[in-house]
Amino acid sequence: MLNILHHYLGTKILNRIEPEISHSIALCYLRLLNQFVRKKKFGASTLKTQIAGMEVPSPIGLAAGFDKNAEVFNATLSLGFGFVEVGTITPYPQTGNSKPRLFRLPEEEALINKMGFNNKGMLYASKVARKQKLGVVGVNLGANAKSIDRILDYTLVFEFLAQLFDYVTINVSSPNTKNLRDLQKPETLEKILQNVSSINMSLKKKVPIFIKIAPDLSINNITEILNVCEENNVSGLIATNTTTNPSTLKKPTHFEGGLSGKPLMNPSNKILKILAKRKNASTVLIGVGGIFSAKDIYDKIRMGASAVQIYTSFVFHGPRHIKKMEVELENLLINDGYSSIDGAVGALIR
Ligand SMILES: Cc1cc2nc3c(=O)[nH]c(=O)nc-3n(C[C@H](O)[C@H](O)[C@H](O)COP(=O)(O)O)c2cc1C
C-alpha cells in the first residue's frame with residue numbers, strides 16, 4: 001500500500017505540479033512518514049559496504065539539497081537509500097534566491113535549480129537532528145550569501161553541527177551563491193580545512209570530512225584541490241555538484257543556475273576518473289551526477305567511487321526506482337563475479 005502511495009506521489013502526481021510546490025508536498029508527506037518509520041534491513045548483503053569507515057546497507061545515497069533542513073532523514077532512509085545527506089545548512093537562516101528557481105527539463109531528463117541555499121539555519125537543524133537516526137546521515141555545510149567572512153561560516157556551522165551527524169560535507173561548489181565556487185581555490189580551501197579539521201581533532205567523536213566539488217573544473221584545478229584535501233585530513237571527495245555549462249544539453253540553451261540529471265553524467269564521470277587515477281589509496285570518492293540506472297551506478301563504482309548519490313532521477317522516478325536499481329546493481333556485481341562492492345571499486349582504472 002505504502003509502495004503504491006510512494007509511486008503515485010513520486011511520479012504520477014508530483015511531476016505534473018509546479019516543481020517547488022511538488023517538492024513541498026513531498027516533504028509534507030515525508031514529515032508524516034518520518035514519525036512512523038522504524039529501523040529495517042535494506043538491500044542485499046552484496047550491497048553492504050563501508051564509506052570512510054561508516055557501514056551502509058547499500059552504496060546508493062540521497063544527495064544534498066532534497067532534505068535541506070534535516071527534517072525527514074529517517075523517512076528518506078526508509079525509502080531504500082543506503083545513506084542520506086541533509087543540507088546545505090548555513091549558520092543563519094536564509095530564504096534563497098527569488099522564485100521560480102527550480103525547473104524541469106523532461107526531454108533532457110534534467111533539472112535546473114538556482115535555489116541559493118534556502119534553509120532554516122544551523123540552530124533549527126541542531127534541534128531537529130537530535131533524534132535517533134535509522135542509518136548513516138551526513139550533513140552538507142555552506143556559507144551565508146551575505147556573510148562577510150565565508151571561511152568563518154564553515155568553521156561556525158561545523159562546530160555547531162558536526163557532532164550530530166555521521167559525516168560532514170564542505171560544499172564549496174554550489175553555483176547559486178555568488179562567488180562560492182572561488183572557495184575551491186587552494187589558498188581558501190586550505191584555510192577552511194585547517195579550521196574544521198582542528199575542531200574535528202578536539203571532538204569526542206571525530207567525523208569523516210568530505211569536500212563536494214564542481215564539475216566545471218580543469219585538470220589543474222582538480223589536482224590542486226585533491227592535494228589540499230589529502231594534506232588536510234579529508235576523508236574523501238564528492239564529485240560532483242551541478243554544472244553551469246549549457247553545452248552539456250542536447251539542445252544547448254543559456255540558463256541561470258545549476259544543471260543536474262542526464263546531461264551531468266559525462267562531466268561528472270570525467271572528474272571522477274581524474275580523481276580516481278590521482279588520489280591516495282585512503283581517499284574515498286562518492287560519485288554524483290546523472291545516475292538513472294543500475295548500470296550508471298556500476299560505471300561510477302568501477303571508475304573509482306565507493307558509493308554514489310542521486311537527486312534528479314529520484315525526483316523523476318520516485319522511490320520504487322531506487323529499490324529497483326539496488327536489485328539490478330546486485331545482479332550486475334554477481335554476473336561479473338564480485339561478492340561485494342569493494343571488489344568492483346576502480347575496476348575500470350586498474
Ligand atoms: C533542486 C536541487 C537542489 C540542490 N541543492 C543542493 C544543496 O543544497 N547542496 C548541495 O551540495 N547540492 C545540492 N544539489 C546538487 C545535488 O546534490 C547533486 O550534486 C546534483 O543534483 C547532481 O546529481 P543528480 O544528477 O543525481 O541530480 C541540488 C540539486 C537540485 C536538483
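**View 1. Thr49 is a buried residue, with a relative accessible area of 9%.** In this description, buried means under 20% relative accessible area, exposed means over 50%, and partly exposed covers what is in between, with a 1.4 Å probe and protein chains only. The model shown is predicted, so local features need a pLDDT of at least 70 and side-chain atom pairs count only at pLDDT 80 or more, whereas totals for chains, interfaces and linings use all residues. Residues are numbered from 1 along each chain as its sequence is written, and side-chain values use heavy atoms, with hydrogens and water left out. Thr49 belongs to strand 1, which spans residues 49-51; helices (H or I, at least four residues) and strands (E, at least two) are DSSP runs, numbered from the N terminus. When residues up to four places away in sequence are not counted, Thr49 touches Met54, Glu55, Val56, Pro59, Ser306, Ile341 and Asp342, where contact means heavy atoms within 4.5 Å.

**View 2. The loop between strand 1 and strand 2 (54-56) contains Ala52.** The phi angle of Ala52 is near 45°, a positive value in a residue other than glycine. Ala52 is partly exposed, since its relative accessible area is 29%. Another positive phi, of about 65°, is found at Asn179, which is not a glycine either, and Asn179 is placed in the loop between strand 8 and helix 6.

**View 3. Twenty-four residues surround the ligand, and Ala64, Thr88, Lys212, Gly290 and Thr312 come nearest.** A residue is counted as near a molecule or strand if one of its heavy atoms lies within 4 Å of it. By class, this shell has 8 nonpolar, 14 polar and 2 charged residues; Ala, Val, Leu, Ile, Met, Phe, Trp, Tyr, Cys and Pro count as nonpolar, Asp, Glu, Lys and Arg as charged, and the others, Gly among them, as polar. Strand 4 (83-89), strand 6 (110-113) and strand 11 (258-261) each supply at least two residues of the shell.

**View 4. Side-chain and backbone atoms approach oxygen atoms of the ligand.** A polar side-chain atom of Lys68 lies 2.9 Å from an oxygen atom of the ligand, and a polar side-chain atom of Asn140 also lies 2.9 Å from a ligand oxygen atom. At Gly290 a polar backbone atom takes this part, 2.8 Å from an oxygen atom of the ligand. The protein covers 97% of the 600 Å² of accessible area that the ligand has on its own, an area that comes from the Shrake-Rupley method with a 1.4 Å probe.

**View 5. Helix 5 (residues 150-161) has 12 residues.** From its first C-alpha to its last, helix 5 reaches 17 Å, close to the 16 Å expected at 1.5 Å a residue, the expected span being 1.5 Å times one less than the number of residues. Its buried residues are Arg150, Ile151, Asp153, Tyr154, Thr155, Val157, Phe158 and Leu161, and they pack against several elements, including helix 4 (121-128), strand 7 (136-141) and helix 6 (186-202).

**View 6. Thr95 and Pro100 lie in the loop between strand 4 and strand 5 (102-105).** Thr95 is exposed, because its relative accessible area is 65%. Leaving aside neighbours within four places in sequence, Thr95 is in contact with Arg101 and Asn118; the C-alpha atoms of Thr95 and Asn118 are separated by 4.7 Å, although these residues are 23 residues apart along the chain. Lys99 and Pro100 are joined by a cis peptide bond, with omega about 0°.

Notes:
A polar contact is a pair of N or O atoms within 3.5 Å; within protein, one must be able to donate a hydrogen and the other to accept it, and residues adjacent in sequence count only if both atoms are side-chain atoms.
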